[in-house]
Amino acid sequence: MTQREKDFKELEDLKQQFALLDEKLDKQRIISEEIVGEAIKEKLSHIERWYRKRFSVSLVSAPIVGIVFLIMYLGKGAGYWGFGLFILAVGALEYLLNRRCYKALDIKQLPSMSMTEAQERIVNHKRLRSFTDKVLALPYIALIAWTILVASGFAWNTVVIAITICAMALSISLGYCQQKANRKRLDAVLRHIKSLRGEN
């Protein structure tokens, strides 16, 4: 075998090795993209479920409780049946504001967006979420106060008041923790989209 033939054979071997390496890198890239894609879907599914629960509370739980109060306490005065109407109003307001936030985020399309568009969506969602929380703060405070009054029968009942306040405080704390977790998930989604798209 001549030197030229040896050089040619070595060159062919190198080409085959590079082709194998390139194939392995492509497979690794596809696997990495699949892992990142699954991570994005998992984080967004948490947020999707959170919104679905909020919609259930607004569209199912609030109307049921409100109507029950209206029917049960219609003859007991506005302090009682008015509470039922107020629950219905707060439920409707919460649904409309949460729906606006949900549509602004566009969870279904978010993974396929460019980094810039996804970032704009998430920033807009955070802004709307902050606005929603501020708007709902006053009705929630009124709802808590009215719940305490109704639960205690519009009389000073320390035990009932304490239990109601503790239950409300626990509920608010859990809601705050869930929203904080959702914000962290959205920040992680942005990082994942950035690595998936290879964008700066």
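The paragraphs below lead through this structure, from its overall layout to its pocket, its salt bridges and its surface. The model is a predicted one, and the residue numbers used here count from 1 along the chain as its sequence is written.

The chain is built from four helices and has zero strands, so that, as one follows the elements from the N terminus on, their order reads α-α-α-α. Helix α1 covers residues 3–72, helix α2 covers residues 78–105 and helix α4 covers residues 158–197, while helix α3 takes up residues 115–151. Of the 200 residues that make up the chain, 28% count as buried.

Some pairs of residues show how parts that are separated in sequence lie in space. Met115, which is found in helix α3, and His192 are 77 residues apart in sequence, yet 9.6 Å separates them in space when the distance is taken from C-alpha to C-alpha. Met115 has a relative accessible area of 9%, and it therefore counts as buried, the limit for that class being under 20%. Another such pair is Leu149 and Phe83, which stand 66 residues apart along the chain and whose C-alpha atoms are separated by 10.0 Å. Leu149 also belongs to helix α3, but with a relative accessible area of 40% this residue is partly exposed.

The helices also contribute to a pocket. The largest pocket has a volume of about 1,100 Å³. It is lined by 30 residues, and those closest to its centre are Arg54, Glu94, Tyr140, Ser171 and Ile172. The elements that give two or more residues to this lining are α1, α2, α3 and α4. Sorted by class, the lining of the largest pocket consists of 15 nonpolar, nine polar and six charged residues.

Charged side chains lead to the next topic. Side chains of opposite charge can pair when their charged atoms come close. The structure holds five salt bridges, and three of them can be followed in turn here. One is formed by the side chains of Arg52 and Glu48, with a distance of 2.9 Å from N to O. Both residues lie in helix α1, where they are four residues apart, or about one turn of the helix. The two partners differ in how they are covered, because Arg52 is partly exposed, with a relative accessible area of 39%, whereas Glu48 is buried, with a relative accessible area of 11%.

A second salt bridge joins Lys126 to Asp187, and the closest N and O atoms of this pair are 2.7 Å apart. Here the pair links distant parts of the chain, since Lys126 is in helix α3 and Asp187 is in helix α4, with their positions 61 residues apart in the count. Both ends of this salt bridge count as partly exposed, Lys126 with a relative accessible area of 29% and Asp187 at 30% relative accessibility.

Within helix α3, the side chains of Asp133 and Arg129 meet in a salt bridge as well, at 3.4 Å from N to O. Because these two residues are four residues apart in helix α3, about one helical turn separates them. Asp133, at 30% relative accessibility, counts as partly exposed, while Arg129, with a relative accessible area of 8%, is buried. Beyond single pairs, salt bridges that share partners join Glu48, Arg52 and Lys108 into one network.

The loop between α2 and α3 holds Asp106, a residue with an unusual backbone angle. Most residues other than glycine have a negative phi. Asp106, although it is not a glycine, has a positive phi of about 55°. Its side of the picture is completed by its accessibility, for Asp106 is partly exposed, with a relative accessible area of 23%.

The last feature lies on the surface. Leu59, Val60, Ile64, Val68 and Met72 together make a nonpolar surface patch of about 460 Å². One of these residues, Val68, is found in helix α1. Val68 has a relative accessible area of 37% and is thus partly exposed, a value that fits the patch because residues counted in patches have over 30% relative accessible area.

Key. This is a predicted model: local features need pLDDT of at least 70, side-chain atom pairs count only at pLDDT 80 or more; totals for chains, interfaces and linings use all residues. Side-chain values use heavy atoms; hydrogens and water are left out. Patches are made of residues with over 30% relative accessible area and no salt bridge: like charges are joined within 9 Å, nonpolar side chains (Val, Leu, Ile, Met, Phe, Trp, Tyr) within 5 Å. Accessible areas come from the Shrake-Rupley method with a 1.4 Å probe; for residues, only the protein chains shown count as cover. A salt bridge is a side-chain nitrogen of Lys or Arg within 4 Å of a carboxyl oxygen of Asp or Glu. Buried means under 20% relative accessible area, exposed over 50%, partly exposed in between (1.4 Å probe, protein chains only). On a 1 Å grid over the protein atoms alone, a cavity is a set of points where a 1.4 Å probe fits but cannot get out, and a pocket is an open set with protein on both sides within 12 Å along at least five of seven lines; lining residues have an atom within 4 Å of a point. Grid points are joined across faces, edges and corners, and a volume is the space filled by probe spheres set on the points. Ala, Val, Leu, Ile, Met, Phe, Trp, Tyr, Cys and Pro count as nonpolar, Asp, Glu, Lys and Arg as charged, and the others, Gly among them, as polar.
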